[in-house]
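Q: Hey, got a minute to walk through this model with me? I'd like to start with the helices and then move to the sheet.
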Amino acid sequence: MTADAILQFWFADGPDTFRPCWFQKNEDFDNAIRERFGALVAPARDGALDDWAASAPGALALLIWAVMAALVPACLPVADGDAVLATFHPHGFGFAAAGIGQSAGAWVAAAGLAMAGLAGFAVAQMRARRADAMADGGGAADDMAGAQAALLLAAGVAGALLGALANLSVAAFGAGLAVPLLARAVVAALKRRWPVRLGLSLAAIGLVWQTLGLALDLARGRPAAVVARAHAPLGAGCQAARTLDQIERLTPGTIAAPPELGGHLLGATPHRVLAAPVAAAVAGNRAWYDLILAAPDTARYQAALWAVDYLLLCPESLTGLPAALPPRSLAARLRAGEVPDWLEPVPILGSRARIWRVLPVAASAR
């Protein structure tokens with residue numbers, strides 16, 4: 001597979017021709033991407049395509065490949081066809097998952113700022129039209145330039161929201177474009193009452209939408225959805241600052257933890273992680289489930305195989321697993337409070353997190 005093959009496929013009708021299939025649901029186009037470029041997932045993950053970036057056509061082919069991989073994940077192999085990962089993560093991992101099938105709270109948290117930007121754009125446009133109707137035409141050129149720039153930003157936000165249907169993380173691009181639109185709306189509302197200005201200003205703060213999303217899922221009785229993406233730095237959860245601070249002080253090593261915790265551990269501690277909330281971490285994510293679904297004696301040797309130093313769980317980490325776990329699996333034993341002798345508890349104060357040091361096979365066999 002070459003960079004030219006991607007360019008010829010993407011620009012099949014010529015480099016200057018717009019193709020509706022880029023932005024429309026088209027089963028034939030999606031299947032063609034899967035059949036022709038699905039095999040590039042592993043090489044791209046391993047860096048085999050990095051040389052393409054040395055030339056302009058190659059860099060463009062890499063960008064197109066990234067677009068196909070990010071915006072059209074259904075066209076690419078899901079978890080490299082891994083049935084176990086597809087069972088536990090049918091829509092992908094975290095905010096990189098397909099927006100379709102996510103909870104309303106997840107949408108508010110990820111895309112609320114972008115949607116507020118479109119609302120701000122509409123408010124500013126209405127104010128501008130009223131002002132034009134009352135003015136004598138002065139400054140029309142400046143107003144027109146501002147309106148055109150805002151229209152381009154709004155189109156970008158709308159495109160990002162459409163992309164979020166396939167990959168929720170794409171909404172972050174829309175959030176970045178939405179802030180100028182909200183600022184324009186605040187300026188347009190300067191003569192309005194302060195509650196309006198305050199509301200528009202708060203709408204431009206991403207943390208507000210994160211909080212609203214979490215609250216919405218809680219109100220709708222979806223605590224699991226909240227736990228799966230909780231980013232709050234407070235509290236007693238596995239992502240809480242007090243928990244991560246204590247984990248940071250442990251001797252650096254490899255931590256086996258649920259995929260959704262991988263990013264937090266990598267960002268806040270010096271440890272390595274076995275699993276992470278990205279589709280590219282297929283081997284590590286599969287190793288995590290193999291570890292906790294295996295019998296304790298088997299899991300001990302799998303931990304040694306993957307050079308795992310610590311095992312980390314939160315009570316909610318096990319609630320996402322099927323209730324009918326294999327009765328002799330490590331997850332079922334831990335759920336019942338039965339800890340194998342090759343796991344040594346590590347105290348984590350003021351936290352729901354449970355972490356164990358993995359003892360060497362020889363040491364635990366004494």
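Q: Which residues in α1 meet which ones in α2?
A: A5, I6, F9 and W10 in α1 meet F29, A32, I33, R36 and F37 in α2, where contact means heavy atoms within 4.5 Å. Keep in mind that this is a predicted model, where local features need pLDDT of at least 70, side-chain atom pairs count only at pLDDT 80 or more, and totals for chains, interfaces and linings use all residues. Residues are numbered from 1 along each chain as its sequence is written, and side-chain values use heavy atoms, leaving out hydrogens and water.

Q: Cool, and how many of those contact residues are nonpolar, polar or charged?
A: Eight are nonpolar, none is polar and one is charged (Ala, Val, Leu, Ile, Met, Phe, Trp, Tyr, Cys and Pro count as nonpolar, Asp, Glu, Lys and Arg as charged, and the others, Gly among them, as polar).

Q: On to the sheet: what's the strand order?
A: The order is β2-β1-β3-β5-β4, an open sheet of five strands with mixed pairing. Strands here are DSSP E runs of at least two residues, helices are H or I runs of at least four, both numbered from the N terminus, and two strands pair if DSSP finds at least two bridges between them.

Q: Which ones are the edge strands?
A: β2 (272–273) and β4, as each pairs on one side only.

Q: And what does β5 do with β3?
A: Four bridges join β3 (residues 310–313) to β5 (residues 354–358), and the two run antiparallel. L312 stands opposite I355 in β5.

Q: Parallel or antiparallel for β1 and β3?
A: Parallel, over two bridges; A256 has L311 in β3 as its bridge partner.
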